[in-house]
Amino acid sequence: MVDISAKSDTKREARAVAIVHMASATLKLLVDGEMPKGDVFAVARIAGIQAAKRTSDLIPLCHHLALTNVSVDFQTVSETDLQIVGTASVNGKTGVEMEALTSVTVAALTVYDMCKAVQKDIRISEVRLLSKRGGKSGDWHSP
């Protein structure tokens with residue numbers, strides 16, 4: 001684990017994305033709230049938030065952070081693709097990139113879990129960092 005004790009607290013934020021690919025009929029059921037397991041968006045949002053809060057339990061060398069905000073948002077970006085964007089914020093000594101990435105990954109896995117009874121070949125792709133703000137290295141945005 002990296003020693004961050006000499007670093008100053010700064011406001012830090014990171015955004016990440018994941019894409020969930022499925023059949024148009026499956027996405028329609030999801031958007032219309034007709035999945036057999038219930039409200040996919042609500043459950044996946046809570047799962048993503050909980051995951052961000054537990055990142056240091058999942059990733060061995062991550063620092064435990066007192067997050068100040070986590071959000072998980074969903075948007076259909078085509079007839080077959082659902083985009084999940086997660087944002088994590090902290091006032092601290094280290095960044096929140098891993099928390100943002102963990103939030104969208106677990107939210108995407110939750111979407112899969114709640115939709116697999118309807119479609120087994122749903123794919124999760126393009127999990128990546130969109131941007132980060134704060135800290136010694138400053139701001140970064142995905143090209």
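This passage describes the fold, core, salt bridges and cysteines of a predicted model.

The overall architecture is a good place to start. The protein contains four helices and five strands, and these elements follow one another along the sequence in the pattern β-α-α-α-β-β-α-β-β. With a radius of gyration of 16 Å, close to the 15 Å that the globule rule gives for 143 residues, the protein is as compact as a globular protein of that length. The C-alpha trace spans about 55 × 30 × 20 Å along the principal axes. Of the 143 residues, 42% are buried. Contacts that reach across the sequence are well represented: among contacts with a separation of 6 or more, 72% join residues 24 or more positions apart.

We turn next to the interior. In soluble globular proteins, nonpolar side chains tend to be buried together. Here the largest nonpolar core comprises 28 residues, and those with the most contacts inside it are Val20, Met22, Leu30, Leu82, Ile84 and Val111. At least two residues of this core come from each of S1, helix H1 (24–31), helix H2 (40–53), strand S2 (69–76), strand S3 (81–92) and H4. Helix H4 gives the most, with eight residues. Isoleucine 84 offers a helpful view of how these parts meet. Leaving aside neighbours within four places in sequence, isoleucine 84 is in contact with Ala16, Val17, Ala18, Val20, Val72, Asp73, Phe74, Val104, Ala107, Ala108 and Val111.

Helix H4 itself deserves a closer look. This helix covers residues 97–115, 19 residues in total, and reaches 27 Å from its first C-alpha to its last, close to the 27 Å expected at 1.5 Å a residue. Its buried residues are Glu99, Ala100, Leu101, Thr102, Ser103, Val104, Ala107, Ala108, Thr110, Val111, Met114 and Cys115. Val111 thus appears both among the buried residues of H4 and among those with the most contacts inside the largest nonpolar core.

Charged side chains come next. Side chains of opposite charge can pair when their charged atoms come close. Five salt bridges are found in a search of the whole structure. One of them joins glutamate 13 to arginine 133, with the closest N and O atoms 3.7 Å apart. Glutamate 13 belongs to strand S1 (residues 10–21) and arginine 133 to strand S4 (residues 123–133), so this pair ties together parts that are 120 residues apart in sequence. Both partners are partly exposed, glutamate 13 at 21% relative accessibility and arginine 133 at 39%.

Aspartate 57 and arginine 54 also meet through their side chains in a salt bridge, at 2.5 Å from N to O. Aspartate 57 is exposed, with 52% relative accessibility. A further salt bridge links lysine 116 with aspartate 113, whose closest N and O atoms are 2.4 Å apart. Lysine 116 is partly exposed at 30%, as is aspartate 113 at 31%. These two residues do not stand alone: Lys37, Asp113 and Lys116 are linked in a network of salt bridges.

Finally, the cysteines were examined. The search of the whole structure finds zero disulfides. Cysteine 62 is buried, with a relative accessible area of 14%. Cysteine 115, one of the buried residues of H4, has a relative accessible area of 0%.

Note on methods: Residues numbered from 1 in each chain as written. Predicted model: local features only at pLDDT ≥ 70, side-chain atom pairs only at ≥ 80, totals over all residues. Heavy atoms only, no water. Expected span 1.5 Å × (residues − 1). Buried < 20%, exposed > 50% of the residue type's maximum accessible area, 1.4 Å probe, protein only. Disulfide = S-S within 2.5 Å. Salt bridge = Lys/Arg side-chain N within 4 Å of Asp/Glu carboxyl O. Core = buried A, V, L, I, M, F, W, Y, C linked by side-chain atoms within 4.5 Å. Contact = heavy atoms within 4.5 Å. Rg over C-alpha atoms; globule rule 2.2 N^0.38 Å.
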